[in-house]
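Colleague: Hi! Could you pull up the model so we can walk through the helices together?
Modeller: Sure, here it comes.
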Amino acid sequence: MAMDAIDRAIIAELERDGRLTNVQLAQRIGLTTGPCLRRVQRLEAEGVIRGYRAVLDPGALGRAFEVLVDLTLEAQDAETVERFEQALVRADEVVELRRLFGSPDYFVRVAVADLAAYESFLSLRVMTIPGVRNVTSHFTMKTVKPAL
């Protein structure tokens with residue numbers, strides 16, 4: 001899909017505030033409401049805009065302690081990979097799970113209440129998964145640029 005400057009302006013405004021009304025969005029990008037709405041609907045239909053979500057405060061949810069985890073498996077066979085991925089997908093503590101090329105095999109972002117909760121999650125939920133070889137935990141000092 002070819003996008004022009006107006007499409008990119010719509011996307012930029014919705015990234016900043018996905019709750020904008022069509023009237024507000026149209027005013028910000030300099031269109032009337034009809035063409036603005038049609039463009040947003042087209043961006044949605046073509047999969048450029050995949051959804052809208054709320055940005056939540058992890059502290060208010062009891063998940064302010066975030067850990068970035070590098071994880072390596074003992075083997076890369078389909079059964080080991082599937083078992084590992086399904087176990088972590090089901091874990092509420094896992095905010096993000098990425099399978100990587102190279103080493104480590106996975107990047108896992110975990111959000112829990114505190115260090116004790118992380119230790120419990122790691123010991124009881126991760127290290128008990130058959131095939132886990134190595135886990136390296138990274139604790140964030142400061143978030144300089146948060147993900148959208």
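Modeller: Keep in mind that this is a predicted model. A good place to begin is helix H2 (22-29), because what covers its buried residues includes H1 and H3.

Colleague: OK, which residues of H2 are buried?
Modeller: Those are Leu25, Ala26 and Ile29. They cover an arc of only 100° around the axis, which puts them on the same side of H2.

Colleague: Nice. And what comes after H2?
Modeller: H2 is followed by Gly30, and the phi of Gly30 is positive, near 80°.

Colleague: Switching to H1, which of its residues are buried?
Modeller: In H1 the buried ones are Asp7, Ile10, Ile11, Glu13 and Leu14. Their arc around the axis is only 165°, so they sit on the same side of H1.

Colleague: Why would residues that are spread along a helix point the same way?
Modeller: An α-helix has 3.6 residues a turn, so residues three or four places apart point the same way.

Colleague: What do the buried residues of H1 pack against?
Modeller: They pack against helix H2 (22-29) and helix H3 (33-45).

Colleague: And which exposed residues are on the face turned away?
Modeller: That face of H1 carries Ala5, Glu15 and Arg16.

Colleague: What's going on at the start of H1?
Modeller: There, a side-chain oxygen of Asp4 comes to within 3.1 Å of the backbone nitrogen of Ile6.

Colleague: Last one: how far apart are the end C-alpha atoms of H1?
Modeller: They are 17 Å apart, which agrees with the 16 Å that its 12 residues (5-16) should span at 1.5 Å a residue.

Terms used. Residues numbered from 1 in each chain as written. Predicted model: local features only at pLDDT ≥ 70, side-chain atom pairs only at ≥ 80, totals over all residues. Heavy atoms only, no water. Helix = DSSP H or I, 4+ residues; strand = E, 2+ residues; numbered from the N terminus. Expected span 1.5 Å × (residues − 1). Buried < 20%, exposed > 50% of the residue type's maximum accessible area, 1.4 Å probe, protein only. Arc of directions from axis to C-beta. Contact = heavy atoms within 4.5 Å. Polar contact = N/O pair within 3.5 Å; in protein donor to acceptor, adjacent residues only side chain to side chain.
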